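Biologist: I should be grateful for a close look at one part of this protein, namely its aromatic residues and the core around them. Please take the structure below as the basis.

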Amino acid sequence: MRKSLLLIAALLSSLPVAAQLDQGQISGTVQDSSQSSVGGATITAVSGQGITRTAESASNGSYILTNMQAGNYEVTVQAAGFKKFVRTNVKVDVAARTTIDATLDLGAVTESVTVEASSVQIARETAQIGRTVEARQITDLALNGRNPINLTLLKAGVVGGNFNNFNPNNMHEVFSINGGRRNGNNVTIDGVNASRTRGDFTGSAQIGLLNVDTVQEVQILTSTYPAEYGRAMDGQIRFITKSGGQSFHGSAWEFVRNSALDANSWTRNQSPNIDDSRRAAPFRFNQPGHTISGPLFIPGKVNTNRDKLFFFFSQEWLIWRRERTVTATVPSALMRRGNFSELLDPSNPYFRRARIVNDVLAGTPFAGNIIPASRVSPNGAGVLNAYPLPTPGFVQGTDNWIKTLPNPRDSRKDTWRLDYYMGKHRLNFSGNNYSHFEDDPFVSNLDRSNSKWDRPNMFGSVSVTSTLRPNLISDFTFTAANDVVYIGIYENEGQPRYLRGQYGLNFPFIVPGSKRIAERIPRAIIPTFATLDGSSRPVSSSGPMFNWGGNMTWVRNSAHTVKFGGWLAHDQQNNNDQSGAQQNGEFSFLDTGHPLASGVAVANAALGLFDTYNEQGTAAYTLLRSNSLEAYVQDTWKASRNLTLELGIRYSKHQPWYAKWNDIANFDTKFYDPAKRAVVDPRGGYLISGDQYNGVVLPGSGYPDSARGRANGSTLPNVQRLFHDLPRRFVDSYNTAFAPRVGVAYRLGDKMVVRAGGGVFHQRQMHNQGSLFRNAPNQIQIQVQNGSVDQPGGAVRRDFPFFIRAFEKGAKYPTAYSYSISVQREIPGSILVEAAYVGKTGVNQERIRNVNQLLTGATYANPGINATALRPYHGLGQIDMTSRDGHTSYQSLQLSLDRRFRSGLGFGLSYTFSKSIANINTPYDAYAWVRALDDQDRPHLLNVHYIYELPFFRNQRGWKGNTLGGWQLSGVTFFRSGTLLSVTDGVDVAGVGPGSAAQSWNVVGSLAVSDRG
């Protein structure tokens, strides 16, 4: 890998200047009135800043102006013996190809024919499926909270969150594009990678946020895009910021929301707290900001003509003072004393049916559903006491507790851009700082713990574009970004409710070593009830990313536009957040499973009978590293005036993540020796003898000197034996990740085009947050089955099997095979309609299964035997293996209708009819994957958006026009199918023991949900 990186670095450094800027192109054909080609014509494009680009038409009349900065241009075509042709207001979009055909009339060149460009832009020369959201839509559409990432949802085939949710601080990418994974998209800002490398197939996050007034346009590429775009197997979401011009411009705003204008919520209206029920939750939201742009000049000395150096700067603040109201289901006061008599009432609010608490020792139900005081576990009662008490007089469904606490948020966004034109060269600097602070008083919807967020994110880039010759252009970009997260903890209402001693909890921990907060309450999972959670705070992490990239564009005879380039990346993840809530213990209580179970999970808690207990050891600090290389060649061949072919191939080599201190661990079946397997007590599930690390391996040949005193495992005895000179990354390198792309665009006249294409798209390497650095010996996590809350490890200090996360060796990159065919046509009213079939097949998709699961029916065949003693890899606990052998399939019909804003009206409509099938959901039976509808399947998606400028006083000047004119109506409306319903619960019907997914119901009789409790 190192040799490959050095070779490509040398290649890139040899280019005059060369990565990928977000640019477009203008191309077309020049002909005379008899439709004969005109060669040798001069085509000139002048930007709004006065920057000029020229090209010459070939003998077949075709021409191309490539690497054009997004914006408006005036295009002039001149040839001897013909009148000058002028097209004004030509819009060049990011990653798009604008077609301007010119028909020249005989006459003197001093004469001219001027035509204003149409607002309709048919994609005549590309097969890619995408959408451009322009500045007017960005600033004028009703974006609740002004978060521009929501604009992605306007494109057909995109499934995500609610467009109208108030989420001004949301940084998480939750979009599925054409049936893809939620982390399968690449987000860039001015060419800077803005997607953090930390995540898994359930999602990732964006680095920083922009305010909408800085965004010039958003380009959303969803299918069959060219080889120059990589890093993602699904979609490309590209934000382009505004730049300055020859005149100064500025704006200022203040968006305000206030609870004085709100109605109270239904939940608060039900609250017995008069302060909640009499008014809406206090809410003060202020979002002020400003922009300023223009030329940088010193009269008579620097940039005198204001045509070389331009700037753009913007700031926005978010000051949000609100109170957050939550509801939850908590144990009643009687339950905390072992009294479950209220559950005998069939109309009880917890289960809506009678539940019997059985005494397994006596073989009969407890009298009156009341557990004798002598049988109530002190720490089991302590778990129940750690929940807040029900709110008197409040019942909402099963919820019986309501609480309101302050949830203040503050953020700031700084965005800047500097463009410098130096003859044949354009130099660009851009960047963004984003800071976010928040006090979140609830964890798992309870007030026992909280989170104090401090998230400073930043990114920046420097790029150079050079016109070496009229037909040879290079560009180079260097970018840097960092995703920093600090999460602290504070006292709610001046009380440290996360400390366990106040609730009578004093059970001994099993794993030796320090805790972040030693006396924190455990996590407790009880069906029907809220999850008790002491959280894992304080934690921190950072993710620096550095990218170098270069492109070279060669226009050959105006028929071929050949583009090639390379891209290098160095990514880091510095994780100081490896302490889940399990560090202070995690209890899971189920209705059945424990040999002494009462049949009701919350009663089992009172009895102190847990089904599963997890505990982590000392938190670790791990430095992860990865390098990446990508290169491509793309030829856009204009085979004829009507036919364009796109042929390209991309190569990717992503280095699997490795730890700087070799402090990650894996489970490898080759190193599991059955002859040395540990002996497990069949009743208690603890280790009697044998190798606790059987099958666990460490990378490389040992801990480096820099790891001493830093990597937890380096301080433990008898660990060096786990090194076997294995690759530092465990996963084999993948050297054949080639991704061919092909596209065809055929014009049927000037107002219709047919497009088709397909290609292979590889996904970048991401490090899974449940990854290998959380394994023993770096961070020990044990798992106990069927024990007592008072003594999770038993009366005597014992060792228990490790909980292990593993990654399958030889995993290829997640890959998508995408294909589409579409028809696009302009219809009267400046409206563009498109119909497309879009399909995608995903292979090598990530999925997780417990490879140390019991065989089906094992618990039934071995009554009274602890599940740990029945596992295939004896001596180890749950082993969650991540493999890349999943498969997805997506088929869709996508319809869209768009009118760019013109003459006071702009609107769009998109409809998707689709089906998405996958086999990647974690199965309850690790030996049998289930192929079913994907959890992201939404058969019907329809969205409509519009901007209408009211005609009143629209063109009037003076105070009437300024005050009464310019008003508009805008809105976005979504209709879509609901999410899938999974009929599962935690009962181990299959007899495979704990550690796998929830299982399907096994019902004889009524299927009513109410009858299942």
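Are F285 and W320 buried or exposed? Please continue from there to the surrounding aromatic residues and the core.

Modeller: The model is a predicted one, and in it both F285 and W320 are buried. They belong to a wider set, since a search of the whole structure finds 25 aromatic pairs. The ring centres of F285 and W320 lie 5.7 Å apart with the planes at 85 degrees, so this pair is edge-to-face. It links distant parts of the chain: F285 sits in strand β20 (residues 283-295) and W320 in strand β21, 35 residues apart.

The rings of F610 and Y613 are arranged at another angle: their centres are 5.8 Å apart and their planes stand at 45 degrees, so the pair is tilted. F610 and Y613 are both buried. Together with F507, F509, F587 and F589, these two residues form one aromatic cluster.

F589 also appears in the largest nonpolar core, which has 71 residues; F340, I371, Y387, I526 and F589 touch the most other members. Elements that each supply at least two residues of this core include β21 (309-328), α6 (601-607) and β34 (609-616). The largest share, six residues, comes from α6. F340 touches V602, A603 and A606, among others, and its contacts also include M335, V357 and I371. A second, separate core has 29 residues, among them L151, V187, L210 and I220.

Two aromatic rings also carry a charged neighbour over the face. R136 lies over F901, at 3.9 Å from the ring centre, and R355 lies over F351, at 4.7 Å from the ring centre.

Methods
Residues are numbered from 1 along each chain as its sequence is written. This is a predicted model: local features need pLDDT of at least 70, side-chain atom pairs count only at pLDDT 80 or more; totals for chains, interfaces and linings use all residues. Side-chain values use heavy atoms; hydrogens and water are left out. A nonpolar core is a set of buried Ala, Val, Leu, Ile, Met, Phe, Trp, Tyr and Cys residues joined through side-chain atoms within 4.5 Å. Buried means under 20% relative accessible area, exposed over 50%, partly exposed in between (1.4 Å probe, protein chains only). Helices (H or I, at least four residues) and strands (E, at least two) are DSSP runs, numbered from the N terminus. Contact means heavy atoms within 4.5 Å. Rings of Phe, Tyr and Trp (its six-membered ring) pair if their centres lie within 6.5 Å; planes under 30 degrees apart count as stacked, over 60 as edge-to-face and the rest as tilted. A charge sits over a ring if NZ of Lys or CZ of Arg is within 6 Å of the ring centre and within 35 degrees of the ring normal. Lists of a residue's contacts leave out its neighbours within four places in sequence.
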